[in-house]
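Student: I am new to this structure. Please take me through one part of it closely, the sheet and the helices around it.

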Amino acid sequence: MGKFISFDESMNIVNSTYIEPTQIVEVPLMQAQGMHLGEDIIASSNSPEYPTSAMDGYAIRFEDQALGELKIDAINPAGADSVPELIFGKAIKTFTGSLMPKGSDTLIPIENVELVGNTIKIKQEVSLGFSVREVGENFKEGEILIKKGTKIGFAEIAVLASLNYVKVKVHKRAKVAIIATGSELLELGQEQTKQSQIRSSNNYTLEAIAKEHGAQANNLGCVGDNIEELKRIFKEALASSDIVVSTGGVSVGDFDFVKDIVRDELGAEVLFKGVVIKPGQHIMVAKAENKMIIALPGFAYSSTVTALLYLLPFLYKYHGSVYKMPIIRGILDEKYKKKSKKKEFAPCNLKLENGELHVNFKGKKDGTSAIMTNMLGSDALCVSESNGVSLEQGDSIELFLYNLNLTQN
């Protein structure tokens, strides 16, 4: 396991690793938001079940428009107990959401007629079936509307509510335990007593990412470079979670104990250690039965990028789903200078101009993989190949959209 592997090789290993999904449970609809469906949602009936008016107007027979004017025979409000029947030469005032009267096939809107007493004069004719919602327009009985494994957002909530799903079957939220390692780390609110101490942010970043993607996150805080304390906390984390994510302690320093603990104390199978990427080459992914251990680098930007690349695919597997990296292409507005012969993930800004996506690096600082502020206001990571070749202004570049917030000129 000493040889670093390519990014593509690491992704092949991730994608081919089987994870038994979490248990399927039934929860109230609004508690399901952000969770993943545990069953296909199949329409039990047509929607609408009957021809329905799509706007306010008058229900008519299409051919009766040729008469020029029609007498209003009845009023047909939405939600009425009974639906009137239309006869030749008549019109029935009908409202948005009302069932279409029997015998009618077209709705002529209020704007197209002139009301004279109890008669409408047709000023502008409409086509056959105008503004009538046909049976099954929304969906048809037996149609799979939402597939198992789908993450539930506002659109899924809307459809589930329309189908009267008071409760919905979902995969339980995977439990993610988060550990930040390093004797130099200070927790939030902890007083700084040494110049060498730094404030920990990685554990909070990872907690936010895990929650954003539907997990139950358990932030275990900071642990110093004490091998016995690290052994204890890692064993407890593995026993109580589906995924253990750590930051720091996976490089080649004298106090980088995590890699040894994962292999020797947890008895995990190391799937790979070291990937030819920038940032985050010192990453380790291991499996212990149906549990995953993902050991990330300690620098803030490195740990964040590698969490997006490696934590999310496994998290989605536990939720009975597949994480598909949102990859698109954009046009460089300035030169992209390669810093290495590794596959690089660099923060950038996106701008929408005349329907095309443009990329620039305004405000992005050069430096180490500790510069987390480079992700502020960013929408994506530029992805460059491991060929060491820089790209010029106007070239196309691959983009990993981790956050979409485009501006339009």
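Tutor: Here is a walk through the sheet, then a helix lying across it, then a pair of packed helices. Keep in mind that this is a predicted model.

Start with the sheet. Six strands form it, and it is open. Their order is β16-β13-β17-β21-β20-β18, with mixed pairing. In general, strands of a sheet pair through backbone hydrogen bonds, either parallel or antiparallel. Look at the edges next. β16 (216–223) and β18 (269–273) stand there. Each has a single partner strand, so one side of each has no neighbour in the sheet. From one strand to the next, the twist averages 15°.

Now zoom in on one pair. Strand β20 covers residues 284–288, and strand β21 covers residues 291–296. The two run antiparallel, joined by five bridges. Opposite Ile294 in β21 you find Val285.

A helix comes next. Helix α5 (residues 258–265) lies across β13 (175–181), β17 (243–247), β18, β20 and β21. Against β20, α5 runs at about 20°.

Finish with two other helices. Helix α3 spans residues 202–212, and helix α6 spans residues 300–318. They pack at an angle of about 30°, their axes 10 Å apart. Because of that angle, α3 is roughly parallel to α6. The crossing of α3 past α6 is right-handed. On the α3 side, the contact uses Asn202, Thr205, Leu206, Ile209 and Ala210. On the α6 side, the residues are Ala300, Ser303, Thr304, Ala307, Leu308, Leu312 and Leu315. By class, this contact of α3 with α6 has eight nonpolar, four polar and no charged residues.

Technical notes: Residues numbered from 1 in each chain as written. Predicted model: local features only at pLDDT ≥ 70, side-chain atom pairs only at ≥ 80, totals over all residues. Heavy atoms only, no water. Axes fitted to C-alpha atoms, helices over the stretch in contact; angles between N-to-C directions. Helix = DSSP H or I, 4+ residues; strand = E, 2+ residues; numbered from the N terminus. Parallel < 35°, antiparallel > 145°, perpendicular 65-115°, else oblique. Left-handed = near helix turned anticlockwise from the far one by under 90°. Contact = heavy atoms within 4.5 Å. Nonpolar A, V, L, I, M, F, W, Y, C, P; charged D, E, K, R; others polar. Pairing = 2+ DSSP bridges.
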